[in-house]
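Welcome, and thanks for taking a look at this one with me. Below are some notes to read alongside the structure.

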Amino acid sequence: AHDASIATNSSSIARTASDVSESSTGSGRHHVDSLIDSKGLPPIPHEYWVDRLGFQQTDPVTDFRSGGVLSLAMLVHVVEACPQVHARFLPSGPAHMLPFGITCINITDMLAKFLMFSKSVDRIDALLSQKPFWKMFGDPNSLLVCQELAMDMLADVVVELVRERTLPRGNNDMDLKQSLHGEDQGKVTVFDFAEILDTTERRVRDDLLGAGPKTVEELRAVHGRIKVRYERAMAKKEREAERKFGKKDAGSDAEKSGNSIAAGAGALLDKISRDKAAGGEEELPTKTVTAIEEVSLGDSHDEM
């Protein structure tokens, strides 16, 4: 019965994901085959589940064993009711490199642990717990909103990681130069999933739920403040990196420009000397020759 429920609801994911994946081209929409059969069910097993929906196996039922029907319900909710969040994991979204199905299931498992209804939590501990956010769960939509916001926060972490890896860096910074998966080019890949999930867990636990929201509206407000805070922190880091390494680059360019000017002045002095020796050119004013000599010899005087 458990597997049947998962298979039935999976067809809803397949249909909805197919609708969302259709993109507008000009005045019409191109068709995307959902592979739904005459009974309204998707093919199982099929590569569709791995390539288009981000599961680990061609049979998605195996991936739901950790979170069960709850993780399936959460996944369906994000696909059907949270198009803006879901779009961040589509091919054109910032978190497209992460497998959507597995990511969503991992977020549900994380919430189950924090909200103390996972299998690993002792029931007595859960009953005696006095978490500041328990009052919020008087609203039946609170768990769905937690899933939506946690997925959005994970996508934010991906965006921040990309921006951080594209910051201006010094020549001695070897952290990203020895990368194997394109980190030195600002890329984020599925190999970064553990780091992304770990950062998301800390933010959901400490920043979102740790703020103790008592209503769903307050939960969304907290999420908005968190989003602004991390965006400002990232922008500040970008400004500092640009200010630190941008000036160094500008100084290097200025040095190259100065060397070029000095070389040109030296060449001009040589030409004047040759012309004077040949006696074929009018002698330049003394002040002009002196100015050229100062430009040409300025660097060597500085070194001395």
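1. A word on exposure comes first: a residue is called buried under 20% relative accessible area, exposed over 50%, and partly exposed in between, using a 1.4 Å probe and protein chains only. By that rule Phe137, with a relative accessible area of 26%, is partly exposed, while Phe133, at 5%, is buried.

2. Please keep in mind that this is a predicted model, in which local features need pLDDT of at least 70 and side-chain atom pairs count only at pLDDT 80 or more, whereas totals for chains, interfaces and linings use all residues. Residues are numbered from 1 along each chain as its sequence is written, and side-chain values use heavy atoms, with hydrogens and water left out.

3. How many aromatic pairs does a search of the whole structure find? The search gives five, where rings of Phe, Tyr and Trp (its six-membered ring) pair if their centres lie within 6.5 Å; planes under 30 degrees apart are stacked, over 60 edge-to-face, and the rest tilted. Phe133 and Phe137 have ring centres 6.2 Å apart and planes at 65°, so this pair is edge-to-face. Ring pairs also bring Trp134 into a cluster with Phe133 and Phe137.

4. Next, the helices. Helices (H or I, at least four residues) and strands (E, at least two) are DSSP runs, numbered from the N terminus. Helix α3 (residues 68–81) is home to His77, which is buried at 18% relative accessibility. Not counting residues up to four places away in sequence, His77 touches Cys82 and Leu144; contact here means heavy atoms within 4.5 Å.

5. How do α3 and α5 pack? Their axes are 9 Å apart, at an angle of about 120°, which makes α3 oblique to α5. Axes are lines fitted to C-alpha atoms, for helices over the stretch in contact, and angles run from 0 to 180 degrees between N-to-C directions. Angles under 35 degrees count as roughly parallel, over 145 as roughly antiparallel, 65 to 115 as roughly perpendicular, and the rest as oblique.

6. The crossing of α3 with α5 is right-handed, a term for the near helix being turned clockwise from the far one by less than a right angle (anticlockwise would be left-handed). On the α3 side, the contact includes Leu70, Met74 and Val78, and on the α5 side Phe100, Cys104 and Thr108 are among the residues involved. The contact residues divide into eight nonpolar, three polar and no charged. In this scheme Ala, Val, Leu, Ile, Met, Phe, Trp, Tyr, Cys and Pro are nonpolar, Asp, Glu, Lys and Arg are charged, and the others, Gly among them, are polar.

7. Helix α5 (residues 100–114) also meets helix α7 (residues 142–165): their axes come within 10 Å and cross at roughly 120°. The two are therefore oblique to each other, and this crossing is right-handed. Taking part are, among others, Phe100, Cys104 and Leu111 of α5 and Cys146, Ala150 and Leu154 of α7. Here the split is nine nonpolar, three polar and no charged.

8. Glu195 sits in helix α8 (residues 193–208) and is partly exposed, at 42% relative accessibility. Leaving aside neighbours within four places in sequence, Glu195 is in contact with Leu161 and Arg165. Its C-alpha atom is 9.6 Å from that of Val157, although the two residues are 38 apart along the chain.

9. Finally, have a look at the cis peptide bond between Ile44 and Pro45, with omega about 0°. Pro45 lies in the loop between β2 (28–29) and α2 (48–51).
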